[in-house]
Amino acid sequence: MPDNNLALDSAELREWRSKIEIANRNNIFCHCRTCDAEWIDSSFEAVCSYCSSTDIEHISCWQFPDE
Ligand SMILES: [Zn+2]
């Protein structure tokens with residue numbers, strides 16, 4: 001059995017998963033309550049780029065339920 005390959009695979013898998021976790025953390029769905037704009041941002045401090053409103057609804061993408 002090529003043990004080295006197995007170790008590499010699980011290390012790659014771990015790296016992959018951490019990248020996905022980081023991506024999920026940074027994918028914040030934003031909805032502007034003022035002008036109804038929707039976009040994906042990486043910050044909960046996002047300001048609407050359309051109307052400069054700070055009245056933004058933030059939803060992390062990983063919170064969306066599987067359908
Ligand atoms: Zn807006």
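This is a short walk through the fold of one chain, taken from a predicted model.

Begin with the parts. The chain holds one helix and three strands. Read from the N terminus, the order of elements is α-β-β-β. The helix therefore precedes the strands, as that order shows.

Now turn to the strands. Three of them build an open sheet. Their order across the sheet is 2-1-3, and the pairing is antiparallel. Strand 2 and strand 3 (56-60) stand at the edges. Each has a single partner strand, so one side of each is left without a neighbour in the sheet. The sheet is also twisted from strand to strand: neighbours are turned by 30 degrees against each other on average, direction ignored.

Look next at one pair in detail. Strand 1 covers residues 28-32, and strand 2 covers residues 38-41. Four bridges join them in the antiparallel sense. Two facing positions help to find the register. Phe-29 stands opposite Ile-40 in strand 2. His-31 stands opposite Glu-38 in strand 2.

Between these two strands the chain turns back. Strand 1 and strand 2 form a hairpin with five residues between the strands. Asp-36 belongs to this hairpin, and its phi is positive, near 75 degrees.

Finally, step back to the whole chain. How much of the chain counts as buried? Of its 67 residues, 4% do; a residue counts as buried if 20 or more other C-beta atoms lie within 10 Å of its own. Contacts give another view. Among those with a separation of 6 or more, 29% link residues 24 or more positions apart.

Methods: Residues are numbered from 1 along each chain as its sequence is written. This is a predicted model: local features need pLDDT of at least 70, side-chain atom pairs count only at pLDDT 80 or more; totals for chains, interfaces and linings use all residues. Two strands pair if DSSP finds at least two bridges between them. Axes are lines fitted to C-alpha atoms, for helices over the stretch in contact, and angles run from 0 to 180 degrees between N-to-C directions. A residue is buried if 20 or more other C-beta atoms lie within 10 Å of its own, exposed if 12 or fewer, and partly exposed in between; C-beta atoms are placed from the backbone. Two residues are in contact if their C-beta atoms, placed from the backbone, lie within 7 Å.
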